[in-house]
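Biologist: Before we discuss anything, could you put the sequence and the structure in front of us, please?

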Amino acid sequence: MRLWMLIIASVILSFISLFVGAIDIRPSDLLDWGSDETQIFLISRVPRLLAIIMAGAGMSIAGLIMQSLSRNKFVSPTTAGTLDAAKLGIILSMLFFTNATYIQQIIFCFIFTLIGTLVFMQILDRIKFKDAIFVPLIGIMYGNILSAITTFLGYEANILQNISSWLMGSFTLVISGRYELLYVSIPAIILAYLYANKFTVAGMGEDFAKNLGLSYRFVLNLGLTLVAIISTSVVLTVGVIPFLGLIVPNIVSLYLGDNLRKTIPHTMILGIVFLLICDIAGRIIIHPYEIPVNITVAVIGSVIFLTMLFRGRAYAK
Amino acid sequence: MRSNQTKIIFLAVLAIICMLLYGFYDIKGGFDYAFPRRVIKIAAMVVTGIAISYSTVVFQTITHNRILTPSVMGMDSMYEVVQTLIYFFAGSMSIWVVNRYLNFGAAIIAMVLFALILYRFLFRTNKYPIYLLLLIGMILGTLLGSFVTFLQVLIDPVEYLSLQTRLFASFTNVKAELLYIAMGILLIAFIYGFQIMSKLDVMSLGRENAINLGINYDRMVMNILILSSVLIATSTALVGPITFLGLIVANLSYQYLATYKHSTLILGASLISVIALVGGQFLAEHIFELRTTISVIINFVGGIYFIYLLLKESRSAG
């Protein structure tokens, strides 16, 4: 697949996304600047498209970084407890820092997510038996433990339905004024591109990386920080979007190999295309209502992941 | 080293102490009112504990491993799917919810079907290594789980509360008549179980050896699979899903009793799960005064134990 094909696909899908929804908007309506349609277009449709683009690109890149740092194709924010740590961070800050400002709460969530991911990387270091299947297994279990704590707290405070409805990934509630936090993922993606080669080297192990003159700790921590920034901003604004960081980088690596410099643009655009397709499908299937995007992503994503597991075992090793 | 008989007696005494503590501790507002209610709860916990341990041990024997359990392979999610679908399409006032027998029957049939499909496509082919099966089970769980979440968000909040009490294992809303059916199923399972205990011991030697020794292996596997899913379905329908209980108690029992005799293993695992459930519920309810159901705590402890087991197994494998 060529990059320009992906870009054309994403442009077409973006255009469709702008004009699909509960209210029928035609391009000709936009000529009248004062009309309701134009207002809706500017307040809801454009921010929604921007949010999808940033979340899709961000989550895919986050997965790619984690996969090259751990040198395991099946490590991603979904399979390493990162998203569960972000969820737990949010509920903790809701319960215990009610008086803190919004910014303080965001910073708390971010630090919590970072620590959650670091803990998993520590566990990974201790494992001698680094089978491609075994590592995500531990990661998923680790995520389960974190979400058991989240459920426990939600049950005690009686806000379980709040959490489950509001943390499920959905772009329905994205309007201008509620998604701007996502912009922090743009510098994160740029940094990821600049450091791409170093992530690959760091993935080869601490000794090897140091031999090549790389400050291993710094690169590792930078990578995990970028992952935490992207994950926190996405979970806080649109909720949990599973599997995106897992499957998109894997599909790209199937046809393009593992040179990060080359694969980052593809991964980014393919992530956007995938998320756009899922979101548009969610808006069309039960029009004028909407299926939250994390359902379509989880259903399509888990099916793709299962196929990868059944057929691609030789490739994963 | 103590003999297994002493160990079983020790566990039984511990289980009885837990039951007495739970039954009589701090009874207020009329003995006649509170005591029968507590007895029902204890009975429910005992039935659940035995059903889960029994099904887990036999399931692990036919799949030749100590990590996979019916719950971990997604049976719990299947239960949630059935219940949520019923609430979603029929509503909490429909006959499928109000009539406990119907509700119970629907859940059991769906779960048995699910287990048969799992076995046919995953275990019988013998093609997939165990960690892969585990990962597949978990991803299936995610798939079913996200489907459930989607329906739950659409459900009216009042109906959701009613659904929530069904989906989180809770011994406070056990219905007596449902308990009697569960006891009946357990009794039938045990009568059947007595005949197959020694066959199970032979089957743990592996497929080829067992067939050599005159076991109709494939038919036995089918029977045990149905038995195991009926038991899990029973306990899940009775008190809701408790994913990791079977895993913890089966492994503790292998470790503590160090035997291959299924009669001893199942007895030991059942006693351990009674201790865990009744003792755990006692601590949560009376000592820590939590509102949380015991399942959340067991899933938390069980998750940690599971990682420990995986790491231990991987060391011996790698």
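**Reading the two chains**

Modeller: The "transmembrane region" annotation, which comes from an unreviewed UniProt entry, covers residues 46–66, 102–121, 133–155, 175–196, 208–230, 268–286 and 292–310 of chain A. Please keep in mind throughout that this is a predicted model.

Biologist: In chain A, how far apart are the end C-alpha atoms of residues 46–66?

Modeller: This stretch is one of those that the UniProt entry annotates as "transmembrane region". In the model, the span is 100% helix and 0% strand. The C-alpha atoms at the ends of residues 46–66 of chain A are separated by 30 Å.

Biologist: What percentage of residues 292–310 of chain A is helix?

Modeller: Residues 292–310 are also among the annotated stretches of chain A. Their end C-alpha atoms lie 28 Å apart, and with strand at 0%, the share of helix in this span is 95%.

Biologist: Which helix supplies the largest share of the side of chain B that touches chain A?

Modeller: The two chains meet through 32 residues of chain B, which are in contact with 36 residues of chain A. On the chain B side, at least two residues each come from helix 6 (130–154), helix 7 (157–167) and helix 13 (294–317). By class, that side has 20 nonpolar, ten polar and two charged residues. The largest share, 14 residues, is supplied by helix 6 of chain B.

Biologist: Why can chain B be called as compact as a globular protein of its length?

Modeller: Chain B is built from 13 helices and zero strands. To judge its compactness, we take the 20 Å that the globule rule gives for 318 residues and set it beside the radius of gyration of chain B, which is close to that value and therefore supports the description, at 20 Å.

Biologist: What percentage of the residues of chain B count as buried?

Modeller: Along the principal axes, the C-alpha atoms of chain B fill a box of roughly 60 × 45 × 40 Å. If we consider contacts between residues at least 6 apart in sequence, 79% of them join residues at least 24 apart. Of the 318 residues in this chain, the share that counts as buried is 44%.

Biologist: Is Asn216(B) buried or exposed?

Modeller: Asn216(B) sits in the loop between helix 9 (207–212) and helix 10 (217–239) of chain B. A residue counts as exposed if 12 or fewer other C-beta atoms lie within 10 Å of its own. Because Asn216(B) has 12 such atoms within 10 Å, this residue is exposed.

Note on methods:
Residues numbered from 1 in each chain as written. Chains lettered and ligands numbered in written order. Predicted model: local features only at pLDDT ≥ 70, side-chain atom pairs only at ≥ 80, totals over all residues. UniProt positions renumbered as here; feature names shortened; annotations may be inferred. Helix = DSSP H or I, 4+ residues; strand = E, 2+ residues; numbered from the N terminus. Contact = placed C-beta atoms within 7 Å. Nonpolar A, V, L, I, M, F, W, Y, C, P; charged D, E, K, R; others polar. Rg over C-alpha atoms; globule rule 2.2 N^0.38 Å. Buried ≥ 20, exposed ≤ 12 C-beta atoms within 10 Å, placed from the backbone.
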